[in-house]
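Dear colleague,

I am handing over the structure below, and I would be grateful if you could look it over alongside the notes that follow.

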Amino acid sequence: MNIKILSANANLYSTKRLVEAAKARKHEVEVINHAKCDIVIEKKNPVIIYKGHKLDHTDAIIPRIGASVTFYGTAVVRQFEMMRVFTTTESQALVRSRDKLRSLQILSRAGLGLPKTVFTNYSKNVKEIVDQAGGAPVIIKLLEGTQGIGVILVESRKAAESVIEAFNNLQARVIVQEFIKEAGGADIRAFIVDGQVVGAMKRQGKEGEFRSNLHRGGTASVIKLTDEEETAALKAAKAMGLGIAGVDMLQSARGPLILEVNSSPGLEGIEQATGKDIANSIIKYIERNV
């Protein structure tokens, strides 16, 4: 098959591993910078131009779209879909996953456990917002934040009110979320490919840090999911319509709570923690569907 990986950086670990896995299974593979593609739209003839050439004869794409270029990256994925090319991440699922608020609404409707979350339109009644999230301490998250950036743990009611007011004055949209103390600064990532959990790791934040992101100095170790955790992860990926997903969960006294469903989960942390060839699972997923 001819596989295109949509990635702005061919040197990223995840991109390189997918190239290796595709070549190992005897496929033609090319890394395409989606931000530099030109989209040509005309009656029943969708075309993508890259470096002066038509990207035809493509059997499948693997979108690795960064959050900063979601709009254009999604347009490129949609164009490939119009060309009847298989994609491991559908354009609509990609759009849904990048909208934190919409994602939480979808997961809530699917009956999944979530930390209690409050979102308002720059409400002046900040005291009530903190109360509705369960009272201090609370987590305040920028709607546009990624990799733990723009996520704040606020210990007291007064501080929470000040932070919310400051964001409101900056016209920065935030969600206010209950703090799950028993999680102990750790979360779980389950990596889903084609309706199966192909790897799971527990990420622990460094001492004094409530965020467990590996980009922020957290550590990862392999974990065996409970039946409840595995069911929640699979249900979350299905609700979001994602064939490939990184489902982030907290372990709480009331069961697994979904934090986020990532549509372009990185391979480095999960492969190193589990020792599993996740990239190979993704290529096999394409083979089953093309």
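Please keep in mind that this is a predicted model. A good place to begin is Val261, which, once its neighbours within four places in sequence are set aside, is in contact with Ser97, Leu107, Ala236, Met240, Leu242, Ala245, Gly246 and Val247. Apart from the core to which Val261 belongs, there is a second, separate core of 23 residues, and Ile5, Ile62, Ile244 and Ala279 are among its members.

The largest nonpolar core is made up of 26 residues, and those with the most contacts inside it are Leu107, Val247, Met249, Ile258 and Val261. Two or more residues of this core come from each of helix 4 (100-109), strand 12 (186-193), helix 7 (227-240), strand 15 (244-252) and strand 16 (255-262), and it is helix 7 that gives the most, with 5 residues. As general background, nonpolar side chains in soluble globular proteins tend to be buried together.

Strand 12, which contributes to that core, also takes part in strand pairing, for it runs antiparallel to strand 13 (residues 196-204) and is joined to it by 8 bridges. Within this pair, Ala186 has Gln204 of strand 13 as its bridge partner, while the hairpin that the two strands form has 2 residues between the strands, and Asp194 there takes a positive phi near 55°. Strand 13 pairs in turn with strand 14 (residues 219-222), again in the antiparallel sense, over 4 bridges, and here Arg203 stands opposite Ala220 in strand 14.

With best wishes

Terms used
Residues are numbered from 1 along each chain as its sequence is written. This is a predicted model: local features need pLDDT of at least 70, side-chain atom pairs count only at pLDDT 80 or more; totals for chains, interfaces and linings use all residues. Side-chain values use heavy atoms; hydrogens and water are left out. A nonpolar core is a set of buried Ala, Val, Leu, Ile, Met, Phe, Trp, Tyr and Cys residues joined through side-chain atoms within 4.5 Å. Buried means under 20% relative accessible area, exposed over 50%, partly exposed in between (1.4 Å probe, protein chains only). Contact means heavy atoms within 4.5 Å. Two strands pair if DSSP finds at least two bridges between them.
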